[in-house]
Amino acid sequence: MEAPQTDVVSETNDQAEDLDPFHISHQQFERAAVHMHDLRSGLIDFLKSPKRSLCVCFPVEMDDDSVQTFHGYRVLHNRLLGAGKGGIRYHPDVTLDEVRSLATLMTWKCALIDVPFGGAKGGVVCDPKSLSTGELRRITRRFITELGDNIGPHTDIPAPDLYTNAQTMAWIYDTYDIMHPGRNNRPVVTGKPIDLGGSAGRDKATARGCLYAAERFMELAKVPGLASLKGLRVAIQGFGEVGSVAADLFQDEGAIIIAVSDSSGGIFSENGNGLDLEAVQRYKQEHGTVVGLPETRTITNEDLLQIDCDILIPAALGNQIRKDNAGHVKAKLIVEAANGPITPAADDILYQKGIHVIPDILANAGGVTVSYYEWVQNNENQQWDLGDVNRKLQIKVYRAVDAVVDRWRTLNSENKGPDETSTDDIDHPVPHADGYVDLRTAALVVAIRRLTDITLERGIWP
Ligand code: NAD
């Protein structure tokens, strides 16, 4: 199915865009809810609201002998399908609203990819780049101690996210295990190192899920110019755990990685073969950034988003493509490896430009899927082969893409399609309810429908 092709450039910003992540997730939810008129009154309100939000504040001894106070959050959005599941991020911009929005996304993601988990998320307000390994370890241990029994192998299970990794997960496991001796605590956290019960393939699972989602979508949707990954030009914002692996995996399938970036800026390869990814990795390890790699042109993160490419993969922070820059995006397809990189107003602009977006709850669900496989292996004291993990992951991602594309087509045939001759002001786009349905809305309809069905099957208690 093709979105209309128009040349839309929006620079007007007369009305400030609401970038509050929790408001954005509500807006996305409302766009989906209008396609579910038959839902029992009140059910939607219940599904939107996080079940529990914890705010903790704790002291940590720093290397210079000072004591610093840190604030952390853990939000459990919903446990309808099973234990809460969601990463923990360390970043100076973490807020309770951001964590609530990310926990909400996790609920939809788990329902869509069909793993028996609910949604949760956590974060600590800190600047990991300025912290030593010892400081990070003390912050992690104290944060987990503060969360106490609000996390657990069958209640709420953390995982890695922005600026946390397998080492952080090992500290979380160790802290929880010391507090709960005498039982198998491995399933309390996923994304652990392999020798502590981590799963083969978890480190690459989020990026691999992006690859599978893109391949399957291209196969089903038959978007002109996107027949196969071979020779497609790909730009990736963020060169961390997800972005750097996505670069390797897309390149392995024949794509050309023309640009990547990190928090210091980006690099663009003018050479027709794209970037030498091993050289990028080496340079990043030595210099802490990709910027400055010889034989590349330095660009800004803003330039990267606007680069002439076939596939754009945002793999860093939220709210990167907004009303003020969406009009400049030139990719044909965006694969949301990051959570929440595109605002609702930007979604409308991208749609009107004919750019398809594989939404975060589908594109990056590979991470939580293999986290689920890790949890199953931990509960059964098993260790699966990498081949088994990747095969199972591909089946889940393909099934979810099939369900979303099917719903997308059905909803668009039920709804009045967009008027391609419309002169509507793109700053005041037609509400989704009145016309087109994008992939994000279709994905949410699939996820919310599963959750409403389950809520009613379980029954409202008492
Ligand atoms: P990471 O910390 O390993 O990497 C983040 C990357 O983003 C780094 O390269 C960093 O330099 C870059 N970055 C930071 N600020 C930036 C900025 N202002 N502009 C451009 N780049 C910037 O984190 P990650 O685990 O790769 O997560 C990346 C995204 O993927 C996040 O949105 C996260 O929520 C999402 N995600 C991660 C997983 C997972 O399994 N790790 C799963 C699902 C979704």
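These legends go with a set of close-ups of a predicted model.

**View 1. The ligand sits between two domains.** Domain 1 covers 47–188 and domain 2 covers 205–363. Both of them hand residues to the shell around the ligand, so the ligand ends up between them. That shell has 22 residues, and Asp161, Tyr163, Thr206, Glu241 and Ala316 come nearest to the ligand. If you sort the shell by residue type, you get 9 nonpolar, 8 polar and 5 charged.

**View 2. Polar contacts reach the oxygen atoms of the ligand from Thr206, Ala316 and Asn339.** Start with Thr206, where a polar side-chain atom lies 2.8 Å from an oxygen atom of the ligand. Asn339 also uses its side chain: an N or O atom there is 2.9 Å from a ligand oxygen. Ala316 brings in its backbone instead, with an N or O atom 2.7 Å from an oxygen atom of the ligand. How much of the ligand does the protein bury? On its own the ligand would expose 830 Å², and the protein buries 90% of that.

**View 3. Here is the loop around Tyr163, a residue with an unusual sign of phi for the record: positive, about 60°.** Tyr163 is not a glycine, yet its phi is positive. You'll find Tyr163 in the loop between strand 5 and helix 5, the latter spanning 166–179. Tyr163 is also among the residues that come nearest to the ligand.

**View 4. An open sheet of 5 strands has mixed pairing.** Reading across, the order is 1-2-4-3-5. Strand 1 (52–61) and strand 5 (156–160) are the edges, each pairing on one side only. From neighbour to neighbour the strands are turned by 25° on average, direction ignored. Zoom in on strand 3 (residues 84–91) and strand 5: they run parallel and are joined by 5 bridges. Within strand 5, Pro158 is the residue that stands opposite Gly86.

**View 5. A second open sheet, also mixed in its pairing, has 7 strands.** Its order is 9-8-7-6-10-11-12. The edges are strand 9 (297–299) and strand 12 (356–358), and each of these pairs on one side only. The twist from one strand to the next averages 20°. Which way do strand 6 and strand 7 run, parallel or antiparallel? They run parallel, with 5 bridges joining strand 6 (residues 233–237) to strand 7 (residues 256–262). Look for Gln237 here, with Ser261 of strand 7 standing opposite.

**View 6. A cis peptide bond links Trp461 and Pro462.** Omega for this bond is about 0°. As for where to look, Pro462 lies in the segment after helix 14, which spans 439–458.

Definitions and conventions:
Residues numbered from 1 in each chain as written. Predicted model: local features only at pLDDT ≥ 70, side-chain atom pairs only at ≥ 80, totals over all residues. Heavy atoms only, no water. Near = heavy atom within 4 Å. Polar contact = N/O pair within 3.5 Å; in protein donor to acceptor, adjacent residues only side chain to side chain. Areas by Shrake-Rupley, 256 points an atom, 1.4 Å probe, with all protein chains shown as cover. Nonpolar A, V, L, I, M, F, W, Y, C, P; charged D, E, K, R; others polar. Domains from an automatic or database assignment. Pairing = 2+ DSSP bridges. Helix = DSSP H or I, 4+ residues; strand = E, 2+ residues; numbered from the N terminus. Axes fitted to C-alpha atoms, helices over the stretch in contact; angles between N-to-C directions.
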